[in-house]
Amino acid sequence: MKILLVGNPNVGKSVVFSRLTGVHVLSSNYPGSTVSYTNGFMKLGAEQVEITDVPGTYTLDPTCEAEKVALEMLGQGDRIINVVDATNLERNLYLTLQLLERDTPMVVALNVWDDARHHGILIDLEKLEAALRVPVIPTVAVSGEGMKQLVEALPRAAAPRHPARTTSERWMAVGDIVGRVQKVSHRHHTWKERLADASLRPVSGGLIAVAVLAGIFIGVRYASEGLIDRVMNPLFQGVWAPLVLRVSRMLGGGGLLHDLVVGNITGGTINFVESFGLLTSGLYVPIAMVFPYILSFYLALGLLEDSGYLPRLAVMVDTLMHRIGLHGYAIIPTMLGFGCNVPGIMATRVLESRRERFIAATLISIAIPCASLQAMIFGLVGARGGRYVLLVYATLLLVWLVLGFVLRRLMRGFTPELLIEIPPYRLPSLRAIAQKLWTRVRGFFVEAVPLVLGAVLVVNLLQSLGLFDAVADFCAPVVTTVLGLPREAVIALAVGFLRKDVALGMMAPLDMTAGQLVVGSVVLAMFFPCIATFAVLLKEIGPRGLARSTGVMLAATLVTGGILNLLFD
Amino acid sequence: MQEGDLVTAAEMADGQQGVVVRVDGEQMMQDRLEALGIRPGRKIRKVSSAFMKGPTVIEVEGCSIAVGFGMASRIFAKTEQTAP
């Protein structure tokens with residue numbers, strides 16, 4: 001049996017899903033955090049049933065990619081759990097009535113039940129059940145309340161086959177039901193609502209937006225550097241280094257195997273960035289340099305996502321985003337891209353048109369450095385002075401703006417207007433934040449760390465075989481003249497296809513000037529996305545889109561790198 | 001209380017309340033607004049608008065919706081005003 005979780009955006013479907021299946025999916029407090037479906041399993045009596053978390057939709061007449069996915073899924077379910085936001089019964093019931101006109105048996109989970117009571121909204125469950133003719137179960141998914149009752153109600157799921165209605169008839173019916181089952185007592189505006197208003201007004205909202213973004217940037221940097229200086233470096237230098245030196249002696253202090261495992265050690269001390277062995281750079285780069293940034297960035301992002309601030313940020317930046325062919329909501333995929341480009345590009349599915357999705361995905365893959373690369377930029381470029389780091393960021397911001405402006409002009413079509421629901425502010429639950437952070441951190445260790453080790457191994461093997469020289473000779477003219485980088489940097493740029501953090505690490509031993517490091521960082525950020533981003537681009541914008549995007553990328557990288565190089569000359 | 005003039009959501013003052021009278025524009029846009037609860041007969045409150053024809057935020061049934069300036073200019077509401 002296959003059960004579908006269907007409902008409006010941001011009503012808590014993903015939380016219900018996690019509760020029922022024990023599979024933790026990322027959920028946030030903004031509409032559209034689930035852009036593709038997730039499957040999980042649950043025991044129902046003796047039977048193992050499949051549950052699908054369907055992206056949120058307001059109606060069954062789809063207006064964007066995520067809603068199309070939702071509609072396509074509907075035909076495949078044997079049962080539907082319609083998750084309804086009890087604080088917003090009227091709008092949610094429209095979809096409920098649409099679903100009831102179909103013939104899949106359904107139960108209704110009346111979620112956020114606790115908030116509805118706090119807001120003075122009283123819903124008569126018996127009357128609502130009578131009107132809909134399906135079981136209605138009050139739930140509070142975040143605390144697990146009502147989940148047992150919801151599962152028990154599944155066998156009673158009914159398909160009353162309401163008569164097909166027109167849009168206006170349906171709204172009439174909704175109004176009629178709400179009038180009979182819901183009583184709203186008067187309530188005062190809370191402090192959260194006052195803050196909600198302030199963060200949307202032009203002046204106060206602008207100041208709040210700048211403060212939030214600057215706070216994240218500075219907070220993430222200091223937290224990460226603190227973790228690196230106080231925990232990671234002492235651990236690697238004090239505990240790990242002596243062990244590695246022992247391994248080095250065991251392997252005879254030299255030879256191919258020694259260089260693969262331990263890397264290049266001179267004078268009995270280990271330079272963890274430059275030695276480039278599996279046990280040295282292979283572990284130090286991902287764990288000591290990158291992981292602290294992953295941890296603190298995703299903690300900040302999780303708090304931001306669950307508070308409900310992101311849609312407000314979308315409103316504040318909407319006017320600016322229209323200048324680059326997008327609307328404000330594209331800021332959410334962009335923010336996700338700062339962690340890793342892959343989920344960022346996938347999140348562009350919340351945008352309405354193909355044109356917008358192409359622009360947003362291309363801009364993310366070119367101008368948004370992921371957390372791993374940013375960590376290395378702070379570590380290596382930052383060592384030459386903070387102003388060089390700022391220069392890298394300023395250049396990428398400028399590229400983002402200029403490129404977006406150009407793409408908007410080049411591509412036919414227009415940018416649809418912003419139309420989004422703004423969720424109420426919620427105090428993020430510690431449990432949810434910790435769970436989400438754990439999911440993302442585990443993802444980094446499972447997917448990224450092995451790839452870093454693989455990249456280090458492959459680079460060493462190819463280097464010892466002398467294969468890189470041919471590639472380097474071939475590309476060297478462009479890299480040395482236009483970009484002003486040393487010939488060996490070609491290899492680092494090629495490695496950027498696997499992992500950008502490893503690639504920037506490879507530039508460390510090249511005796512580059514601060515200016516060259518800035519050019520190298522910018523080129524790495526812009527030039528060819530890493531293999532994972534490449535794959536997701538292909539999936540999301542298709543082969544033709546990817547070809548065009550790559551063309552834009554090559555041109556933009558050479559122009560930007562060339563100009564920077566001239567400025568430093 | 002006296003019924004005021006017909007104004008668009010874009011023109012309403014922050015905090016002003018009104019009842020939606022009609023929504024102009026393509027059917028597709030009307031449907032999307034309707035799905036979010038903005039349709040004739042509904043009481044709305046303007047929350048804010050941005051500089052330079054940025055989005056307007058309106059509250060309908062306790063739920064805030066951000067709409068682009070163009071759409072906000074096509075939502076006509078009868079506002080509530082106190083008699084002079």
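These are my notebook entries on a predicted model with chains A and B.

**Entry: cysteines**

I started with the sulfurs. How many disulfides does the structure hold over all chains? The count is 0. A disulfide is a covalent bond between the sulfur atoms of two cysteines, and the cut-off I used is a pair of sulfur atoms within 2.5 Å.

I then looked up A:Cys340. Its closest cysteine sulfur belongs to A:Cys370 and sits 6.3 Å away, so that distance is too far for a bond. A:Cys340 is partly exposed, with 29% relative accessible area.

A:Cys530 also has A:Cys370 as the owner of its closest cysteine sulfur, at 6.5 Å, again too far for a bond. Is A:Cys530 buried or exposed? I have it down as buried, at 19% relative accessibility; the cut-off for buried is under 20%.

**Entry: salt bridges**

Side chains of opposite charge can pair when their charged atoms come close. Over all chains I get 17 salt bridges.

The pair I looked up in chain A is A:Arg91 with A:Glu421, whose closest N and O atoms are 3.2 Å apart. Why does this pair tie together separate parts of the chain? A:Arg91 lies in helix H3 (residues 89-100) and A:Glu421 in strand E9 (residues 419-422), so the bridge joins parts that are 330 residues apart in sequence. Both ends are covered up: A:Arg91 is buried at 4% relative accessibility, and A:Glu421 is buried at 8%.

In chain B I checked B:Asp24 and B:Arg22, which form a salt bridge with closest N and O atoms 3.0 Å apart. Here B:Asp24 is partly exposed at 28% relative accessibility, and B:Arg22 is partly exposed at 36%.

Next came B:Arg45 and B:Glu59, whose side chains meet in a salt bridge at 3.1 Å, N to O. This pair links distant parts of chain B: B:Arg45 is in strand E3 (residues 43-49), B:Glu59 is in strand E4 (residues 56-60), and the two are 14 residues apart. B:Arg45 counts as buried, at 13% relative accessibility.

I also wanted to know which residues form a network of salt bridges. The answer is A:Glu305, A:Asp306, A:Lys436 and A:Arg440, all linked together.

**Entry: surface patches**

Which residues form a positive surface patch? I noted A:Lys68, A:Arg354, A:Arg412, A:Arg544 and A:Arg548. I looked further at A:Arg354, which is found in helix H15 (residues 354-367) of chain A. A:Arg354 is exposed, at 71% relative accessible area. Patch members need over 30% relative accessible area and no salt bridge, so A:Arg354, at 71%, clears the area part of that rule.

There is a nonpolar patch on the surface as well, and both chains contribute to it: A:Val203 and A:Leu207 from chain A, B:Phe51 and B:Met52 from chain B. Together these residues have about 480 Å² of accessible area. I looked up A:Leu207 on its own and found it in helix H9 (residues 202-250) of chain A. A:Leu207 counts as exposed, at 60% relative accessibility.

**Entry: odd backbone angles**

Most residues other than glycine have a negative phi, so I went looking for exceptions.

What is phi of A:Val112 near? My note says 55 degrees, a positive value in a residue other than glycine. Where does A:Val112 lie? A:Val112 is in the loop between strand E5 (106-111) and helix H4 (113-118) of chain A. A:Val112 is buried, with a relative accessible area of 12%.

A:Phe276 has a positive phi too, near 65 degrees, and is likewise not a glycine. A:Phe276 sits in the loop between helix H10 (256-261) and helix H11 (281-307) of chain A. At 11% relative accessibility, A:Phe276 counts as buried.

**Entry: a contact across the sequence**

Last, I checked A:Glu540, which has its place in helix H23 (residues 531-568) of chain A. Buried or exposed? A:Glu540 is buried, at 10% relative accessible area. I also paired A:Glu540 with A:Arg349: the two are 191 residues apart in sequence and 8.3 Å apart in space, C-alpha to C-alpha.

Terms used:
Residues are numbered from 1 along each chain as its sequence is written. Chains are lettered from A and ligands numbered from 1 in the order in which they are written. This is a predicted model: local features need pLDDT of at least 70, side-chain atom pairs count only at pLDDT 80 or more; totals for chains, interfaces and linings use all residues. Side-chain values use heavy atoms; hydrogens and water are left out. Patches are made of residues with over 30% relative accessible area and no salt bridge: like charges are joined within 9 Å, nonpolar side chains (Val, Leu, Ile, Met, Phe, Trp, Tyr) within 5 Å. Accessible areas come from the Shrake-Rupley method with a 1.4 Å probe; for residues, only the protein chains shown count as cover. A salt bridge is a side-chain nitrogen of Lys or Arg within 4 Å of a carboxyl oxygen of Asp or Glu. Lys and Arg count as positive and Asp and Glu as negative; His and the chain ends are not counted. The place of a charge is taken as NZ of Lys, CZ of Arg, CG of Asp or CD of Glu. Helices (H or I, at least four residues) and strands (E, at least two) are DSSP runs, numbered from the N terminus. Buried means under 20% relative accessible area, exposed over 50%, partly exposed in between (1.4 Å probe, protein chains only).
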